[in-house]
Amino acid sequence: MPKPRRTSIPKAVSEQVLKEFNHRCAFFGDHTPQLHHIDEDRTNNDPLNILPLCHTEHLRDVHNPTAPLDTAKVKLFPRYKDPAILHSKFEPLWRAT
């Protein structure tokens, strides 16, 4: 199924998301992040669906389909803003849900 045509993230939304994460990657705190659509729907510009990622993490998720980010986990970032949720010690909790 082809991906939806990319639309620009509205400036107000991108500024809101970047401000929320102090203009840094949500995972590693790197400067100059790229904005990533968590559900991969490029037309869904809801601020809770957008996460700032460093260039490396964004490429890994978007361009490496063998090791994509776990969307269910990543959806928690806008709420908790803690990369520890991806730590392997929490994997049993994810499997139980």
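Here is a short chat about how the helices, strands and buried residues of this chain are assigned.

User: What kind of model is this, and how are residues numbered?

Analyst: It's a predicted model, where local features need pLDDT of at least 70, side-chain atom pairs count only at pLDDT 80 or more, and totals for chains, interfaces and linings use all residues. Residues are numbered from 1 along each chain as its sequence is written, and side-chain values use heavy atoms, with hydrogens and water left out.

User: What makes something a helix or a strand here, and how many are there?

Analyst: Both are DSSP runs numbered from the N terminus: H or I over at least four residues for a helix, E over at least two for a strand. By that rule the chain has five helices and two strands, in the order α-β-β-α-α-α-α.

User: Why are some residues of helix 1 called buried?

Analyst: Because buried means under 20% relative accessible area, exposed over 50%, and partly exposed in between, with a 1.4 Å probe and protein chains only. In helix 1 (residues 11-20), Val13, Ser14, Val17 and Leu18 count as buried.

User: How do you know which side of helix 1 they're on?

Analyst: They cover an arc of only 125 degrees around the axis, so they sit on the same side of helix 1. That arc is taken from the directions from the helix axis to the C-beta atoms. Lys11, Ala12 and Lys19, on the other side of helix 1, are exposed.

User: What do the buried residues of helix 1 pack against?

Analyst: They pack against strand 1 (34-37) and strand 2 (50-53), a contact being heavy atoms within 4.5 Å.
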